[in-house]
Amino acid sequence: MKGFNGAVKEFAAMALLLIVAMTIGIMPAMAAAEPLKVAAVFETPIEEPWVNQIHVALVKAKSDLGIVYDYSESVKSADFARVMREYAEKGYKLITGDAFGAERIARRVARDYPDVAFVFGSGIGPAEPNFGVFDNWIHEPAYLSGMIAGKMTKSNIIGVVAAMPIPEVNRLANAFYAGAKEVNKDVKCKFSFIGSFFDPPKAKEAALAQIEAGVDVIYAERFGVVEAAVEKGALAISNMSDQSSLGPDTVVTGPVWDMWPTVKQAISLVKAGVYTAQDFGGFSYMSKGGSYLAPYHKFDAKLPAEVKELVEKRRQEILDGTFRVDIDESIPKSE
């Protein structure tokens with residue numbers, strides 16, 4: 001048997017080795033850190049393109065960044081505060097979603113949970129200390145889409161069917177028309193607003209009316225428009241996501257909103273313990289990888305080479321910073 005002094009010396013030596021090993025990273029942590037819990041609160045159904053792009057990015061974060069992710073969809077304003085509070089009380093440290101219809105509600109809840117990070121789709125600025133904002137700043141690929149529409153129209157009448165005349169919608173519609181006007185001075189544009197973020201039947205009805213009035217290329221800012229274009233043989237520009245599958249012979253391309261850069265940045269800040277209220281809108285720009293023009297798919301062989309070259313030249317200029325798409329949030333008027 002070892003003497004008492006020998007045992008003490010051996011114990012001390014082992015303790016010293018343990019401390020050194022942990023200091024230089026040889027020993028694993030005694031307990032792994034809890035994964036970050038992230039929740040999303042959506043006002044519309046998950047299939048609505050705007051919120052779906054956020055959802056897709058968060059699903060990617062679940063697999064790539066190891067977060068826990070849960071969401072609630074079709075949450076009415078009357079339930080918005082309750083759902084947000086339930087997530088905060090359950091230990092979710094980042095809560096996101098869309099707050100356009102519940103701005104005051106979302107901000108009021110955020111003030112009650114200063115240790116939780118909130119980042120919501122919003123048309124207003126951030127609020128200290130913990131309410132960040134983002135928006136779909138995809139006016140640049142909307143402009144490129146307009147250039148294609150201006151070149152592809154035969155009637156010189158293009159159209160836009162959108163949700164409602166609010167700044168974040170207006171800037172897309174105006175950018176689309178501006179792109180068309182750059183390449184075709186004779187083109188006219190009709191604008192229709194359905195008064196809802198998700199009403200496919202109403203969007204389809206508005207699109208059919210435009211097509212009957214001579215529109216032959218239509219910007220489907222809302223779901224339901226592509227279906228009308230397929231039925232009537234018009235060309236369509238999709239929105240938010242690559243929607244070629246809805247009409248392979250109808251959907252030419254369209255602006256895509258990629259929320260991954262925004263989501264990745266917000267999660268990184270929360271994990272590092274340095275999250276602050278800020279506007280994440282810049283992460284939706286083309287230069288940040290937050291938006292781009294969807295692939296042409298079947299139209300890659302149908303679009304004239306000169307059109308593709310024209311669009312590619314302008315796209316590169318946007319990325320290089322030598323061309324800036326104006327942000328026009330005024331209410332567009334039909335011509």
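Reader: What order do the five strands of the open sheet come in?

Author: Keep in mind that this is a predicted model. The sheet is open and has five strands, with parallel pairing. Its edge strands, each pairing on one side only, are E2 (68-72) and E5 (131-134). Reading across, the order is E2-E1-E3-E4-E5.

Reader: And how much are neighbouring strands of this sheet turned against each other on average?

Author: Take the strands of that sheet, E2-E1-E3-E4-E5, and look at how each neighbour is turned, ignoring direction. On average, the turn is 20°.

Reader: Which residue in E2 does Val-41 stand opposite?

Author: Start with E1, residues 37-41, which runs parallel to E2. Five bridges join this pair of strands. Across from Val-41, in E2, you'll find Ser-72.

Reader: How many bridges pair E1 with E3?

Author: E1 and E3 also pair in the parallel sense. One spot to look at is Val-38, which has Leu-94 of E3 opposite. The number of bridges here is four.

Reader: Is E3 largely enclosed or not, and how many of its residues are buried?

Author: Try both faces of the strand, since side chains in a regular strand alternate between the two faces of the sheet. On one side of E3 sit Leu-94, Thr-96 and Asp-98, on the other Ile-95 and Gly-97, and all are buried. E3 is therefore largely enclosed by the rest of the structure, with a buried count of five of five.

Reader: Which residue of E4 is opposite Ile-95?

Author: E3 runs parallel to E4, and five bridges join them. Follow E3 along to Ile-95 and look across into E4: there stands Phe-118.

Reader: What angle does H3 make with E1?

Author: H3 covers residues 77-89 and lies across E1, E2, E3 (94-98) and E4 (117-121). Another helix, H9 (residues 260-272), packs on the sheet too, touching E3, E4 and E5 at about 155° to the direction of E3. For H3 against E1, the angle is about 175°.

Reader: What covers the buried residues of H4?

Author: First, see who is buried in H4 (residues 103-112): Glu-103, Ile-105, Ala-106, Arg-107, Val-109 and Ala-110. Their cover includes one helix and two strands you've already met: H3, E4 and E5.

Reader: Where is Pro-126, and what is its relative accessible area?

Author: Look in the loop between E4 and E5. Leaving aside neighbours within four places in sequence, Pro-126 is in contact with Arg-107, Phe-131, Gly-132, Val-133, Ala-277, Gln-278 and Asp-279. Even with those contacts, Pro-126 counts as partly exposed, and its relative accessible area is 39%.

Reader: How far apart in space are Pro-126 and Lys-204?

Author: In sequence, 78 residues separate Pro-126 from Lys-204. In space, going from C-alpha to C-alpha, the distance is 35 Å.

Reader: Are H5 and H10 roughly parallel or roughly antiparallel?

Author: The axes of H5 (residues 139-152) and H10 (residues 305-320) come within 10 Å and cross at roughly 160°. Angles over 145 count as roughly antiparallel. H5 passes H10 in a right-handed crossing. The two helices are therefore roughly antiparallel.

Reader: By class, how many residues in the contact of H5 with H10 are charged?

Author: H5 brings Glu-140, Tyr-143, Leu-144, Met-147, Ile-148 and Lys-151, while H10 brings Glu-306, Val-307, Leu-310, Val-311, Arg-314, Arg-315 and Ile-318. Sort them by class and you get eight nonpolar residues and no polar ones. The charged count is five.

Terms used
Residues numbered from 1 in each chain as written. Predicted model: local features only at pLDDT ≥ 70, side-chain atom pairs only at ≥ 80, totals over all residues. Heavy atoms only, no water. Axes fitted to C-alpha atoms, helices over the stretch in contact; angles between N-to-C directions. Parallel < 35°, antiparallel > 145°, perpendicular 65-115°, else oblique. Left-handed = near helix turned anticlockwise from the far one by under 90°. Contact = heavy atoms within 4.5 Å. Nonpolar A, V, L, I, M, F, W, Y, C, P; charged D, E, K, R; others polar. Pairing = 2+ DSSP bridges. Buried < 20%, exposed > 50% of the residue type's maximum accessible area, 1.4 Å probe, protein only.
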